[in-house]
Structure formats: C-alpha cells, structure tokens
Amino acid sequence: MSEEKKTLPEDEDTADVDMSEEGAEGNIIELIDEDENIVRFRLLDVTEYKGNKYTLLIAAEPNDDVADDEVVIFRLNEEEEVLEPIEDEALLDEIFEFYQQEADEEEDEQ
C-alpha cells in the first residue's frame with residue numbers, strides 16, 4: 001500500500017486536540033473541517049523533525065476528502081494543544097521521507 005501525504009485545505013484552522021492517551025481514545029482524533037463536519041483520524045505516529053513535532057494521521061473511517069492510503073501531516077503545538085496545518089509542500093515531503101526512513105530503520109532493528 002503506497003502512502004501519500006496530504007494536508008487539509010489551506011483555509012483549515014488549527015484544530016484543538018488532546019494528545020493524551022485518554023483524550024485520543026485509542027489514538028482516534030476528531031477534527032472539524034471547514035463545513036463544521038467532524039472528521040475522524042487515527043494517529044499513525046508523532047515524529048520530531050528539525051526541532052518540531054509532527055503528527056501523521058490516517059483516515060479512521062471512509063472520507064470523501066482523504067483517501068484510505070493518504071497520510072495527513074500537522075505540526076503539533078504542544079503548548080497550545082493544537083494541530084497546525086502545513087502549507088509548505090517541500091516541508092511535507094521532507095517530514096514524510098524522514099518518517100519513512102525512521103520506520104524502515106526501526107523495522108530493520110527488529
């Protein structure tokens with residue numbers, strides 16, 4: 001299954017999120033889209049890249065805006081407990097490649 005990166009539309013505001021075990025309820029995160037619809041994502045991972053933390057999310061249920069094999073990446077602002085959209089495509093590519101390298105290295109160690 002090939003994975004792609006995707007961000008929510010540029011007009012997406014930051015999303016409040018509780019990243020604690022209790023708040024994630026089995027790693028499910030609910031975000032509100034621009035039409036005030038709840039969109040459920042599964043937390044794939046949190047990775048640190050160049051001093052910032054990023055969440056990698058996949059759709060938790062069928063969704064017209066996000067394909068089953070797409071990964072949505074947000075910057076994690078722990079201080080304000082929000083996810084911030086990333087509009088820089090080059091940065092998204094870097095983060096996704098970094099995540100894949102980490103995952104491959106971790107798999108090789110096992």
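In what order do the elements of the protein run from the N terminus on? In this predicted model, the order is β-β-α-β-β-β-β-β-α. The secondary structure thus comprises 2 helices and 7 strands. The chain holds 110 residues, of which 35% count as buried. Among the contacts with a separation of 6 or more, 45% are made by residues 24 or more positions apart. The exposed surface of the protein amounts to about 7100 Å², and carbon and sulfur atoms supply 36% of this area.

Backbone geometry was examined next. Most residues other than glycine have a negative phi. Glu36, although not a glycine, has a positive phi of about 70°. Glu36 is placed in the loop that joins β3 (28-32) to β4 (38-49), and its relative accessibility of 63% makes it an exposed residue. A positive phi is also found at Glu81, again not a glycine, with a value of about 55°. The loop between β6 (70-77) and β7 (82-85) contains Glu81. With a relative accessible area of 46%, Glu81 is partly exposed; this value does not reach the exposed class because that class requires over 50%.

The surface carries a negative patch formed by Asp45, Glu102, Asp104, Glu105, Glu106, Glu107, Asp108 and Glu109. Helix α2 (residues 89-109) provides the largest share of this patch, namely 7 residues. Asp45, also a member of the patch, belongs to strand β4. The relative accessible area of Asp45 is 30%, and the residue is accordingly classed as partly exposed.

Strand β4 also contains Glu48. This residue is partly exposed, its relative accessible area being 48%. When residues up to four places away in sequence are not counted, Glu48 touches Lys53 and Phe98. Glu48 and Phe98 are separated by 50 residues in sequence, while their C-alpha atoms are 9.3 Å apart in space. Phe98 falls within the residue range of helix α2 (residues 89-109), and the contact between Glu48 and Phe98 therefore links strand β4 with that helix.

In summary, positive phi values occur at Glu36 and at Glu81, each of which is located in a loop between two strands, β3 and β4 for Glu36 and β6 and β7 for Glu81. The negative patch draws on helix α2 for 7 residues and includes Asp45, a residue of strand β4.

Methods: Residues numbered from 1 in each chain as written. Predicted model: local features only at pLDDT ≥ 70, side-chain atom pairs only at ≥ 80, totals over all residues. Heavy atoms only, no water. Helix = DSSP H or I, 4+ residues; strand = E, 2+ residues; numbered from the N terminus. Buried < 20%, exposed > 50% of the residue type's maximum accessible area, 1.4 Å probe, protein only. Contact = heavy atoms within 4.5 Å. Areas by Shrake-Rupley, 256 points an atom, 1.4 Å probe, with all protein chains shown as cover. Patch = residues over 30% accessible without salt bridge, like charges linked within 9 Å, V, L, I, M, F, W, Y side chains within 5 Å. Salt bridge = Lys/Arg side-chain N within 4 Å of Asp/Glu carboxyl O. Lys, Arg positive; Asp, Glu negative; His and termini not counted. Charge placed at Lys NZ, Arg CZ, Asp CG, Glu CD.
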